[in-house]
Amino acid sequence: MSNSEDAGRREAWGPYLVLAAAVLWGTSGTAQALAPAGSTPLMIGGVRVGVGGLVLLASAAFRRELLPMRGFLRPVILLAGIMQVVFNVSYFTALSLTGVAVGTMVAIGSAPIFAGVLGIVFDRDPVKPVWYGATLMAITGLVVLSVAGGELSVNLLGIAAALAAGLSYSMYTFLTRRLIARYTPDAVMGVSFIAATAVLMPFLATGPVAWMRGPGGLGTVLYLGIISSGAAYMLYGRGLRVVPVSDVGTLTLAEPLTAAFLGIVLLREPVSLSSVAGMVMIFMAQVVVVSSKRKSKRPPR
């Protein structure tokens, strides 16, 4: 197999790596729901980022891919860590002010829009019409899925916080995608996660920790840190190397789809026909993006 064919195959698999990462992220909500009493969203998010950062750094060290010491202090890596902080704080603030349905819909639903704009403005990504169609379909599915449960609570400050979460998440994706062109994904994301944990440490130090001491709490921390954070971002970083930012934003909409599915199956949350319709629309958007990517990157015979 030639180098060009091998590169083409890696690029063709890129969307699937991003999708797999999004699915693992989507399990975080169920893990939080099953966590022992006393846990809080901020503590859940903090330990997830902290343990995930250690896992990523350990992977980079095992592969002898750690950055030089001066690389840890690069302003762009520190900025990526700050974006992680802004995302976590604004996201959980949005959920507390406007509810899970609206907060998640606005935060995650706005991410592909922000990502597409960033890619167009800074990277001059050639956005194809299929991206607009797939993103519109996915966002429509999110809207249908979010309003299917009943009444919505709208809070303007909560909406602003959710938009800040969507923008900061897209900025994190944009920054790390540029960094992994020079450094390895595990090292870049691990360092940015540790930087985020350092900023969040004052809040984590004053939060409740008793829930982590039992087997259930420890299991929750390990799952969130190792699987839904560490492993997920390993996949995500490798996918970022070959997938345009605009496509990444759309593909990661699989996260709320996974969360909704697990809520129905494991948490026995009620489901309606409109909920099913929303999930189908989001799934079809992923299929469109993946299919178009594979066709455009298929190596010549």
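Start by selecting Tyr233 and Tyr236 in helix H10, which spans residues 215-240; the two tyrosines sit 3 residues apart, about one turn of the helix. In general, an α-helix has 3.6 residues a turn, so residues three or four places apart point the same way. Keep in mind as you go that this is a predicted model.

**An aromatic cluster**

Stay with these two tyrosines and check their surroundings: Tyr233 is buried, and Tyr236 is buried too. Now add the other members of their cluster to your selection. Ring pairs join Trp25, Phe87, Tyr169, Tyr172, Phe193, Tyr233 and Tyr236. Across the structure there are 10 aromatic pairs.

Pick out Phe87 and Tyr169 from that group: their rings form a tilted pair, 5.7 Å centre to centre, with 45° between the planes. This pair links distant parts of the chain, because Phe87 belongs to helix H5 (residues 75-98) and Tyr169 to helix H8, 82 residues apart. Tyr169 counts as buried because its relative accessible area is 12%, under the 20% cut-off.

Now swing back to Tyr233 and Tyr236 and look at the rings themselves. They make an edge-to-face pair, 5.7 Å centre to centre with 90° between the planes.**Along helix H8**

Next, select Thr176, which is found in helix H8 (residues 156-179). Is this residue buried or exposed? Thr176 is buried, with a relative accessible area of 0%. Show everything around Thr176 and, leaving aside neighbours within four places in sequence, you will find contacts with Ala80, Val188, Met189 and Leu240.

**The salt bridge**

How many salt bridges should you look for? The count comes to 1. To see it, display the side chains of Asp186 and Arg238, which meet at 3.0 Å, N to O. Asp186 lies in helix H9 (residues 185-205) and Arg238 in helix H10, so the pair ties together parts that are 52 residues apart in sequence.

Colour the two partners by accessibility and each falls in its own class. Asp186 is buried, at a relative accessible area of 1%, whereas Arg238 is partly exposed, at 28%.

**Helix H3 and its two ends**

Move to the loop between helix H2 (28-33) and H3, and select Ala35. With a relative accessibility of 13%, Ala35 counts as buried. Leaving aside neighbours within four places in sequence, Ala35 is in contact with Ile44 and Thr220. Which distance does your viewer give from Ala35 to Met212, C-alpha to C-alpha? The two are 9.0 Å apart in space, although 177 residues separate them in sequence.

Now follow H3 itself. This helix has 22 residues and reaches 31 Å from its first C-alpha to its last, close to the 32 Å expected at 1.5 Å a residue. Stop at Ala61, which lies in H3 (residues 41-62). Ala61 is partly exposed, with a relative accessible area of 39%. Add Ala187 to the selection: it is 126 residues from Ala61 in sequence, yet their C-alpha atoms are 8.2 Å apart.

Just after H3, click on Arg64 and look at the backbone. Its phi is positive, about 55°.

**A nonpolar patch on the surface**

Switch to a surface view and select Ile113, Val117, Ile120, Val121, Phe122 and Tyr132. Together these residues make a nonpolar surface patch of about 570 Å². Which helix gives the most to the patch? Helix H6 (residues 100-123) does, with 5 residues. Tyr132 is found in helix H7 (residues 129-147), and it is partly exposed, with a relative accessible area of 46%.

**Zooming out**

Finally, clear your selections and take in the whole protein. It has 13 helices and 0 strands. Of its 301 residues, 48% count as buried. The protein exposes about 14,300 Å², and carbon and sulfur atoms supply 69% of that area. Among contacts with a separation of 6 or more, 88% come from residues 24 or more positions apart.

Key
Residues numbered from 1 in each chain as written. Predicted model: local features only at pLDDT ≥ 70, side-chain atom pairs only at ≥ 80, totals over all residues. Heavy atoms only, no water. Patch = residues over 30% accessible without salt bridge, like charges linked within 9 Å, V, L, I, M, F, W, Y side chains within 5 Å. Areas by Shrake-Rupley, 256 points an atom, 1.4 Å probe, with all protein chains shown as cover. Salt bridge = Lys/Arg side-chain N within 4 Å of Asp/Glu carboxyl O. Helix = DSSP H or I, 4+ residues; strand = E, 2+ residues; numbered from the N terminus. Buried < 20%, exposed > 50% of the residue type's maximum accessible area, 1.4 Å probe, protein only. Contact = heavy atoms within 4.5 Å. Phe/Tyr/Trp six-rings, centres within 6.5 Å; stacked < 30°, edge-to-face > 60°. Expected span 1.5 Å × (residues − 1).
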